[in-house]
Amino acid sequence: MCQQHVFASLSLALREKCVLISVVLQGSAIAKIVGANTAQNSKFDDIVNMWVFEEMVNGRKLTEIINTDHENVKYLPGHKLPANVVRKLPVLPASTDADILVFVIPHQFVGKVCDTIKGKIKTDAVGISLIKGVDEGPDGLKLISDVIQEKLGITMSVLMGANIANEVADEKFCETTIGCKNKNHGALLKELMQTNNFRVTVVEEYDVVEICGALKNIVAVGAGFCDGLGFGDNTKAAVIRLGLMEMIAFARIFCTAGPVSSATFLESCGVADLITTCYGGRNRKVAEAFVKTGKSIEELEKEMLNGQKLQGPATAAEVYLILKHKNLIEKFPLFNAVYQICYQGHPVTEFISCLQNHPEHM
């Protein structure tokens, strides 16, 4: 889900089992869904405790604004949160009694958050990550969900899909995908998050689902380059297709949990999220401005994203290191071109050359 960059945690209880759910959020769209669902479902306690990184907005603490006005005025303005969503500080008390932890924070802060709650949460808690990105590990790829699982010792699932936050908050119909190895966990998470306008499909290939959510942001940067250069929809369609080919090839190399099925790429987490991000996401928008203004990614983040961080270029840099470690850079020219243009000063016109000479055409 394309969420705003603000930390939060939700804590709620399953009435039948006296279970608590704690959610660490990057944004408020999913908090709105969880809050509404728990208020209507007798299985859950109707109080949702949300932890958000504290900051001042127009002279007021964001915690105070959310608790008083029930709105995240900085990152999701114009959308009221359910009254049962109550913001709390700090993250640890909100997580201690939780049975489900939902992580939706910028991936560079995952380690710090996990270290804060490590050893202080239930050993049988279930986690789900909405975080886009990957890490480089000693053997190459390190999934964010695996980082969380190793640090906290809990079972992890992931949620990815064509879910731009403002549209989700507006309750415009969309789909999403949960990747979950445990069918019982998948059913519970689906019940927590599905609504009439936010439809959830559960699949077992959690690693493929997560890789799709990370890599599509790299492709969207390429789509933004093409927009900035003045190319049309035909070119963007080629970017999407070639990007999808590289996503599939990457997953087949690095997903080791089991065979990689092409069917997962037809779920919302795959081609649907790729299309949405290449047309409407902030990675595309900032990449277009990168071409037209000549400003750096860092400058554009400050000017255009209201404190948010861009995931596409950062993921391209991480993927570059992973591929370099495995001597596979030449097999992924689109991913490599995005990295070289964003961080190594290569001219953006190289991206079009990358498309023209892509090995898929040979």
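User: Hi! How buried or exposed is E171?
Analyst: In this predicted model, E171 is partly exposed, with a relative accessible area of 48%. That falls in the middle class because exposed means over 50%.

User: Where is E171 found?
Analyst: E171 belongs to the loop between α6 (165-169) and β12 (174-179).

User: And what about its backbone: what is the phi of E171?
Analyst: Phi of E171 is positive, about 65°, although this residue is not a glycine.

User: What is the phi of N327, then?
Analyst: N327 has a positive phi too, near 55°, and is likewise a residue other than glycine. N327 sits in the loop between α13 (311-325) and α14 (333-343).

User: Is N327 buried or exposed?
Analyst: N327 counts as exposed, with 72% relative accessibility.

User: Switching to cysteines, how many disulfides are there?
Analyst: The count comes to zero disulfides. As for C226, the nearest cysteine sulfur is that of C278, and it is 9.3 Å away. A disulfide needs the two sulfur atoms within 2.5 Å, so C226 is in no disulfide.

User: Is C226 buried or exposed?
Analyst: C226 counts as buried, at 0% relative accessibility. C174 also counts as buried, at 10%.

User: OK, helices now. How do α8 and α10 pack, angle-wise?
Analyst: Helix α8 (residues 206-229) and helix α10 (residues 268-280) pack at an angle of about 30°, and their axes are 9 Å apart. Angles under 35 degrees count as roughly parallel, so α8 and α10 are roughly parallel to each other. Their crossing is right-handed.

User: Which residues make that contact?
Analyst: On the α8 side, the contact is made by V209, C212, G213, K216, N217, V219, A220 and A223. From α10 come C269, G270, D273, L274, T277 and C278.

User: How many of the residues in the contact of α8 with α10 are nonpolar, polar or charged?
Analyst: They divide into eight nonpolar, four polar and two charged.

User: Last topic, S145. Where is the place of S145?
Analyst: S145 lies in helix α5 (residues 144-152).

User: Is S145 buried or exposed?
Analyst: S145 counts as buried, at 1% relative accessibility.

User: Which residues does S145 touch, not counting those up to four places away in sequence?
Analyst: Leaving out those sequence neighbours, S145 touches M156, V158, Y206 and E210.

Notes
Residues numbered from 1 in each chain as written. Predicted model: local features only at pLDDT ≥ 70, side-chain atom pairs only at ≥ 80, totals over all residues. Heavy atoms only, no water. Buried < 20%, exposed > 50% of the residue type's maximum accessible area, 1.4 Å probe, protein only. Helix = DSSP H or I, 4+ residues; strand = E, 2+ residues; numbered from the N terminus. Contact = heavy atoms within 4.5 Å. Axes fitted to C-alpha atoms, helices over the stretch in contact; angles between N-to-C directions. Parallel < 35°, antiparallel > 145°, perpendicular 65-115°, else oblique. Left-handed = near helix turned anticlockwise from the far one by under 90°. Nonpolar A, V, L, I, M, F, W, Y, C, P; charged D, E, K, R; others polar.
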